Amino acid sequence: MNDKPAIVWLREDFRLADNAALTAAAQTAAPLLLVYIRTERSSGMTAADWFREKTLARFDADLRQLGGGVHVFTGDPARLLPEIVVRVGAAAVFWNRRYDPIGREIDAGLKREFAACGTEAHSFAGALFHEPWTVKNRAGQPFKIFSAYWRAACEAGSPRPPLPAPREFKFFAGSVTGAQEEQLSWPAWTSSLDAHHEFGEATAQDRLARFVAEDLGHYEDERDFPDRDATSGLSPYLRVGQITPRQVWNAVSDAPGGLAHAAARAKFLAELGWRDFAWSVLWEHPSLDGHALREEFEGLPWRNDPSGLEAWKRGRTGYPLVDAGMRELWRSGVMHNRVRMVAASFLVKHLLIDWRLGEQWFAETLADYDPASNALNWQWCAGTGADSAPFFRIMNPVLQSRKFDPSGAYIRRWVPELKSVSDKDIHAPWESPGTRPANYPLPIVDHSAARRRALATWERVRGGD
Ligand code: FAD
């Protein structure tokens with residue numbers, strides 16, 4: 001190749017290191033043209049859109065330091081990418097594979113179109129340990145149970161070592177018509193997210209290094225306590241590909257601590273394994289966010305309860321741990337995993353509201369929103385998935401609160417009305433007379449009554465009434 005550019009089509013891979021498509025394109029010695037195609041939004045910006053756009057801006061700024069940048073377009077990639085290839089006379093197109101149902105269809109169509117017109121198109125394994133179709137059981141079937149999946153994935157060997165960033169870059173200097181310079185306008189609600197996030201490949205690497213040095217050793221013991229900051233906080237970076245699971249695996253495997261930390265390391269890597277597993281389930285079930293994997297749940301009579309749903313979304317259920325989580329989500333775009341489980345279980349089992357409505361709210365408000373992990377975890381919490389907590393296991397939000405936020409520090413951080421309530425009373429402030437501040441709601445459902453109602457409903461579904 002010579003002066004004809006090589007296009008690197010960025011999607012969920014805003015990084016220089018361990019970026020197989022970028023490395024392969026750089027190795028051709030052709031000038032690089034980095035392209036991002038923003039799809040037109042039919043509805044408003046979500047928190048994940050916000051995180052992606054901020055990341056894109058940061059990656060563009062990093063590339064400008066190296067003399068390059070990202071050329072951003074808006075529209076349908078199936079139409080735009082071939083047009084860009086023609087406009088700049090590109091010699092080849094490179095991308096890292098993505099695995100969502102719509103994305104994979106677009107990419108397959110483009111591969112066919114480029115093959116038909118003689119344009120080279122090279123794709124590479126994306127940001128998972130194993131591509132979704134590669135881990136199968138002995139009968140060649142996809143796994144339904146995580147533990148069996150992860151055992152087989154680990155037996156397949158460690159992931160390949162991460163690639164270093166290309167040593168040199170040559171960027172395409174010609175003009176690219178249609179690329180946009182415009183600044184996006186951010187909806188007002190995104191301003192509260194700013195205080196909770198930093199962007200950039202270096203930031204993601206720093207976060208990983210700090211986690212490995214300070215928190216990995218006690219991850220297994222402390223990961224369930226929401227006020228302890230004991231987890232990696234890497235999920236939004238993994239989602240937009242500012243860091244890869246291979247880089248994380250490498251750093252964690254090389255971490256000091258020897259055998260003493262072996263269990264913590266294994267636990268942490270298995271959590272990352274859930275991310276791969278979710279993508280393998282979505283690969284097999286493209287409508288994972290819309291259809292219960294266990295068919296019998298399609299007949300469950302969910303309640304139509306708009307005010308209950310609204311109270312849940314706004315963190316006004318009267319259950320302090322649930323409310324703290326939902327307010328953390330709204331203000332920061334993330335929520336601690338244990339609290340995600342409690343809040344999801346509360347919506348589905350205490351309020352008997354369809355899990356899909358909760359899944360959609362998380363899809364709008366999570367900065368780390370991932371179509372596979374979100375849908376799989378919602379089905380897990382609702383009991384509708386293949387490898388799920390059973391429906392009849394109903395989390396008690398007060399006991400969860402006493403166990404995992406014993407001092408109430410997490411609740412006080414997000415529910416300021418309760419900041420003067422004692423450690424003992426903060427988990428159920430309605431129980432002791434005179435404890436509940438007037439501006440904090442009474443519980444919108446009684447735990448025991450809601451539990452009985454959920455179990456009775458489940459029995460009817462099981463009995464086929
Ligand atoms: P750590 O504990 O440090 O874990 C490291 C990484 O492992 C995470 O960054 C994530 O990539 C992966 N991971 C950990 N737990 C899970 C899990 N249960 N499922 C899949 N991957 C996991 N995670 C998302 O990334 N996007 C989502 O949209 C999402 N939606 C969820 C919805 C519900 C109802 C629940 C219960 C969980 C959801 N999770 C989702 C999983 C989990 O809550 C987050 O990955 C985790 O809280 C992120 O924090 P961390 O990076 O500090 O995690």
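**Figure 1. Where H5 meets H11 in the predicted model**. On the H5 side, the residues in touch are Phe-146, Tyr-149, Trp-150 and Ala-153. Facing them from H11 are Ala-270, Gly-273, Trp-274, Asp-276, Phe-277 and Ser-280. Sort that contact by class and you get seven nonpolar, two polar and one charged residues. H5 itself covers residues 146-155, and its axis sits 10 Å from that of H11, at an angle of about 105 degrees. Angles of 65 to 115 degrees count as roughly perpendicular, so H5 gets that label relative to H11.

**Figure 2. H13 crossing H17**. Here we zoom in on H13, residues 320-332, and H17, residues 397-404. Their axes come within 8 Å and cross at roughly 75 degrees, so this pair is roughly perpendicular too. H13 brings Pro-320, Leu-321 and Val-322 to the contact, while H17 brings Pro-397, Gln-400 and Ser-401. Class by class, that's four nonpolar, two polar and no charged residues.

**Figure 3. The shell around the ligand**. There are 27 residues around the ligand, and the ones that come nearest are Thr-231, Ser-232, Ser-235, Asn-374 and Asn-377. Four helices each chip in at least two shell residues: H9 (235-239), H11 (262-284), H14 (337-350) and H16 (371-382). You've already met H11 as the partner of H5 in Figure 1. The shell is a mixed bag by class, with 12 nonpolar, eight polar and seven charged residues.

**Figure 4. The stretch from 4 to 129**. UniProt, in an unreviewed entry, lists these residues as "domain: Photolyase/cryptochrome alpha/beta". In the model, the span is 44% helix and 21% strand. Its end C-alpha atoms lie 33 Å apart.

**Figure 5. How confident the predictor is**. Mean pLDDT for the protein comes out at 94, with 98% of its residues at 70 or more. For the complex, the predictor gives an ipTM of 0.99 and a pTM of 0.97. One reading tip: wherever pLDDT is low, don't read the predicted coordinates in detail.

Methods: Residues numbered from 1 in each chain as written. Predicted model: local features only at pLDDT ≥ 70, side-chain atom pairs only at ≥ 80, totals over all residues. UniProt positions renumbered as here; feature names shortened; annotations may be inferred. Near = placed C-beta within 6 Å. Nonpolar A, V, L, I, M, F, W, Y, C, P; charged D, E, K, R; others polar. pLDDT = per-residue confidence, 0-100. Axes fitted to C-alpha atoms, helices over the stretch in contact; angles between N-to-C directions. Parallel < 35°, antiparallel > 145°, perpendicular 65-115°, else oblique. Contact = placed C-beta atoms within 7 Å.
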